[in-house]
Amino acid sequence: MNMNVSFGGLSLKNPVMTASGTFGFGLEFAPYGDLTKLGGIVVKGMSLKPREGNPMPRIAETPCGMLNAIGIQNPGVENFIRQALPVLPWKEVAVVANLYACDAEEFGELADILAGEEGIAALEVNVSCPNVKEGGIAFGQDPKQICKVTEAVKKKAGNKPVMVKLSPNVTDITICARAAAEGGADSLSLINTLSGMAVDIHNRKPRIANVIAGLSGPAIKPVALRCVHQVVQAVDIPVVGIGGIASAEDALEFILVGAHAVQVGTANFLRPDFSFDLVDELEKLLEEIGAGSLEEFRGSLELPL
Amino acid sequence: MSLRNCRNVKVLEVSPVGQLKRPDEFFEIKLEYPDWDGWKPGQFVMIRPAGWELDLLWARPFSICSADGDTLTLFVQKVGRGTGRIVALKPGDTVSIWGPLGNSFAMEPEIPTLLLAGGIGIAPFCGYVEQHPHPENLRLFLAHRLSLDCYPFAALSERVEGVCMRDDQPEDLQKIIAVMKEQIVEYAAKDGLILSCGPTPFMKTVQRFAAECGVRAQVSLENRMACGVGACLGCVTKDGSGHHVQVCTRGPVFWADKVEL
Ligand SMILES: Cc1cc2nc3c(=O)[nH]c(=O)nc-3n(C[C@H](O)[C@H](O)[C@H](O)COP(=O)(O)O)c2cc1C
Ligand code: FES
């Protein structure tokens, strides 16, 4: 079956992408599979300047999920361009940069720097990281800010497509989706992690030093599916589904509700070859269920009248 | 083929170690050898039983104890839900395994080397002793909480000089710390090498004495891990210059003067 997908200025050999922060800069997974087999690789969130991230502990396991508060630890955009990007097989797999900043101007600067990089297929704008006290949360929850940031990135992005990644920690995600569309986003990706917390009754301390953390993994899939469903109905730009995908069936569920592609996050920790295998399994399952094509299947959810 | 591919292997044997007390705390697990080209003492593996499905999500890291042509041996202490379910595995069960991961302990065959183990921290030294070309240059010191037969100490002390102390009574801890200091001073005097693995307070003690005496020392960290491959940044520690580095790829072994514990 033809697994190619083209949407929002991106052209992928299949709809399986890896989610930011769960796949490093891609190379960490090279011993476990052929990176060029993937539809796309979204690299770890990057900022203008290097960031040390949050204190430890940063992660905790939860039922069918996990919490993280990494705090966008990253070497900064310049180091990424100098060190990681040249060794990534970007000619054969779409490498998407994930941008993290604390104001619209900084987002614009990041976009400006990355716009000139041949190896970058698209920019994903992280307006939703709930981990970092100084930023993230304000953008992700304020439609005006989402629009402003999207405009700022779009203005500097040159011919790079811009994907805006939405936070689920809002009352109505369709309002945020419309704000991003209005700002000129070429596509949307959702969801980022759900705001959560875990505590230890024995030592009476939070399990994560940052106290508040982001929940991910299969536990959040129903929330993610609902968000993608609502957003697909609300906007005309294409949507990439993220949240709890841990099997080919999960991926197809997102495509059924209308996603053009999916991103696999926490499931990369189940085993490091997970996303590579998913590419084959997805195609197999599509054939098995008798879908005519990816395109025919996408958004074919039959809703009660 | 790459050395670190993720494989499915079968469990060969799970046996409790130390029958005297708390027979359900320490286990030796034997797995099918995942056809690696090699491994080094101090390296670890990530193990995730196939039967876990979606709960628990993370694999668990374990030091490689020993590995030969057919068998990979791990030493597991039951401490929580994950390890509890791992020691309940039966022969024939399937586990995903990726490794060998991380760096390894320094091995300088001609140099007098002191191995300082705190409890289960003895695990990586099994392979170290086995692979060392001059075990007569090694001394193993074990500080342990449970009865000695819970640890592979007897087998190791057949090959190397072994010293052990039990932390049982309230006054024992101070005695152990005093002996550790004595030994570190001794190895500093002969320009030796110190390798340690154990709980964080144990390694902090090693770090402090090693710095005081100016002897070269390595510590092996056992941080919580999700990916084991350097991607999630959930396992980091601070290096000598205060930067966060991944324990799974930049460690688990660090020079004691280049890590914040
Ligand atoms: C350890 C970890 C780090 C993450 N780091 C980032 C990040 O840097 N930027 C970002 O946009 N999302 C980040 N995320 C969110 C994921 O990309 C994804 O949106 C979320 O985990 C939901 O998908 P999942 O359930 O498949 O993991 C991170 C998630 C995890 C678990
Ligand atoms: S466990 Fe993921 S970076 Fe070390």
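Visitor: Which domains does the domain assignment of chain B give?

Guide: Glad you asked, and keep in mind that this is a predicted model. The assignment splits chain B in two, with residues 3-101 forming one part and residues 113-258 the other. These are domain 1 (3-101) and domain 2 (113-258).

Visitor: How many residues of domain 1 of chain B are in contact with domain 2 of chain B?

Guide: The C-alpha centres of the two domains of chain B lie 21 Å apart. On the domain 2 side, 28 residues take part in the contact. On the domain 1 side of chain B, the number is 25.

Visitor: Which three residues supply 23% of the area that domain 1 of chain B buries against domain 2 of chain B?

Guide: Together the two domains of chain B bury about 2,200 Å², with 64% of it on carbon and sulfur atoms. From domain 1, one trio gives more of the buried area than any other three residues. Those residues are Pro41(B), Trp58(B) and Phe75(B).

Visitor: Which side chains meet in a salt bridge at 3.6 Å, N to O?

Guide: Across the interface of domain 1 and domain 2 of chain B there is one salt bridge, along with two residue pairs in polar contact. Glu25(B) lies within domain 1 (3-101) and Arg145(B) within domain 2 (113-258). The salt-bridge partners are Arg145(B) and Glu25(B).

Visitor: Which strand gives the most to the side of domain 1 of chain B that touches domain 2 of chain B?

Guide: That side has 16 nonpolar, six polar and three charged residues. Strands β3 (44-49), β4 (60-63), β6 (71-77) and β7 (94-101) of chain B each supply at least two residues to it. With three residues, the top contributor is β6(B).

Notes
Residues numbered from 1 in each chain as written. Chains lettered and ligands numbered in written order. Predicted model: local features only at pLDDT ≥ 70, side-chain atom pairs only at ≥ 80, totals over all residues. Heavy atoms only, no water. Domains from an automatic or database assignment. Contact = heavy atoms within 4.5 Å. Buried area = accessible area lost by both parts, 1.4 Å probe. Salt bridge = Lys/Arg side-chain N within 4 Å of Asp/Glu carboxyl O. Polar contact = N/O pair within 3.5 Å; in protein donor to acceptor, adjacent residues only side chain to side chain. Helix = DSSP H or I, 4+ residues; strand = E, 2+ residues; numbered from the N terminus. Nonpolar A, V, L, I, M, F, W, Y, C, P; charged D, E, K, R; others polar.
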